[in-house]
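Take a look at the model below. We will walk through it one part at a time.

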Amino acid sequence: MTLEAIKYKAGQLQILDQLLLPGESKYISIAGVKEGWNAIHKMQVRGAPAIAIVGCLSLVAEIYDKQYDTKVALEQDVSKHLQYLVTSRPTAVNLKLAADDVKSLAESLLTNETVNVEEMKQEIIKSIEHMLEKDISDNRAIGDNGANVLLKGIDRPLKLLTHCNTGSLATAGYGTALGVIRSVGERNLLEHVYCTETRPYNQGARLTAYELVHDKLPATLITDNMVAALLNSRTIDAIIVGADRVAANGDTANKIGTYQMAVVAKHHGVPFYVAAPFTSIDVAIADGSQIKIEERPEHELTHIGGQRIAAPGIGCWNPAFDVTPAALITGIITERGVLKPSELTEKVSQK
Ligand SMILES: CSC[C@H]1O[C@H](OP(=O)(O)O)[C@H](O)[C@@H]1O
């Protein structure tokens, strides 16, 4: 079993094809931005942080051995490829924010007369390579901050519920919401974790269950429609989920099904936490109504493993995400601490 979603060394990029998990662990090479775009769009790699890192590393693979005559040619090529990559999936903000950072770096290097074209290319590559270790260190900090808040005032092991996949297969390693669960487990204070199957892509049944079994954590898989019955029949100390885009007011876009879990959590008085790095926070949009929700192909709903499970001819609606209002979110667990939704804009501006 391997949990390394991304393998990268000196311009050579490979990703674990998550469409084949858990049955097959197969790495595919990403030679440039076209392969990067396709792998993200087809969800061979997915998860907001992983999408950003693979997208930008596919740009590194694209330019690594390319010679540029001028800095203008390099900046134009980088800008063109980034504009293409951000169209691969619309909801998660991480790739857009990462692309904006790389574009700004390229523009500043372009006007820096002390830097030649090869040095400019190396600076761009180095900044993207740094995203890998920064994501892992962010996830470790999120894990610690999350374990601290979940265990505050509690001196017994916890029972937690999570949705979709937010672990090593959605990031550069360790994970966000699943990173918090790992941190609670590392403190020997995890009694049990429940994970939802997360239809229709089944990130929970195929990926989160895979990670929990790999880590030998006490875990139970439930279907998405069991959440209310679980909270009604068993003690759940908290629900913790990831995020694809957190708006300035704390409204959060996450995997479809998250919103209804938050409603059920409210009804049962169960704390509902979002775990997300600052790279998932988009203060440029005021609230969740401005978040574009990706709609995926019908066959992802009507088929499993290539087998049709829905009646031919039935219409389908397949939004990949929904938006949970900030009012239903107890706290947003980030690498810089646990924030109330109302604190986001101020904290993000303190870069
Ligand atoms: C830390 S991953 C965040 C987020 O991404 C997943 O979506 P997808 O599998 O479609 O890329 C899911 O919403 C996770 O919570």
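A crossing of two helices is called left-handed if the near helix is turned anticlockwise from the far one by less than a right angle, and right-handed if it is turned clockwise. Keep that in mind for a pair of helices in this predicted model.

The pair is α5, residues 117-151, and α6, residues 177-186. Helix α5 passes α6 in a right-handed crossing. The two pack at an angle of about 65 degrees, and their axes are 7 Å apart. On the α5 side, the contact is made by N139, I142, G143, D144, G146, A147, L150 and L151. They meet G179, V180, R182, S183 and V184 of α6. By type, the residues of this contact are 6 nonpolar, 5 polar and 2 charged.

Now turn to a sheet. It is open and has 3 strands, in the order β1-β2-β3, with antiparallel pairing. Strands β1 (6-9) and β3 (27-30) stand at the edges with a single partner strand each, so one side of each has no neighbour in the sheet. From one strand to the next, the twist averages 25 degrees. Strand β2, residues 12-16, pairs with β3 over 4 bridges. Here L13 stands opposite I30 in β3.

Last comes helix α9, residues 258-268. Which of its residues are buried? They are T258, M261, A262, V264 and A265. These residues cover an arc of only 165 degrees around the axis, so they lie on the same side of α9. An α-helix has 3.6 residues a turn, so residues three or four places apart point the same way. The cover over the buried residues of α9 includes α8, β7, β9, β10 and β14. After α9 comes G269, with a positive phi near 65 degrees.

Notes. Residues numbered from 1 in each chain as written. Predicted model: local features only at pLDDT ≥ 70, side-chain atom pairs only at ≥ 80, totals over all residues. Pairing = 2+ DSSP bridges. Axes fitted to C-alpha atoms, helices over the stretch in contact; angles between N-to-C directions. Contact = placed C-beta atoms within 7 Å. Nonpolar A, V, L, I, M, F, W, Y, C, P; charged D, E, K, R; others polar. Buried ≥ 20, exposed ≤ 12 C-beta atoms within 10 Å, placed from the backbone. Arc of directions from axis to C-beta.
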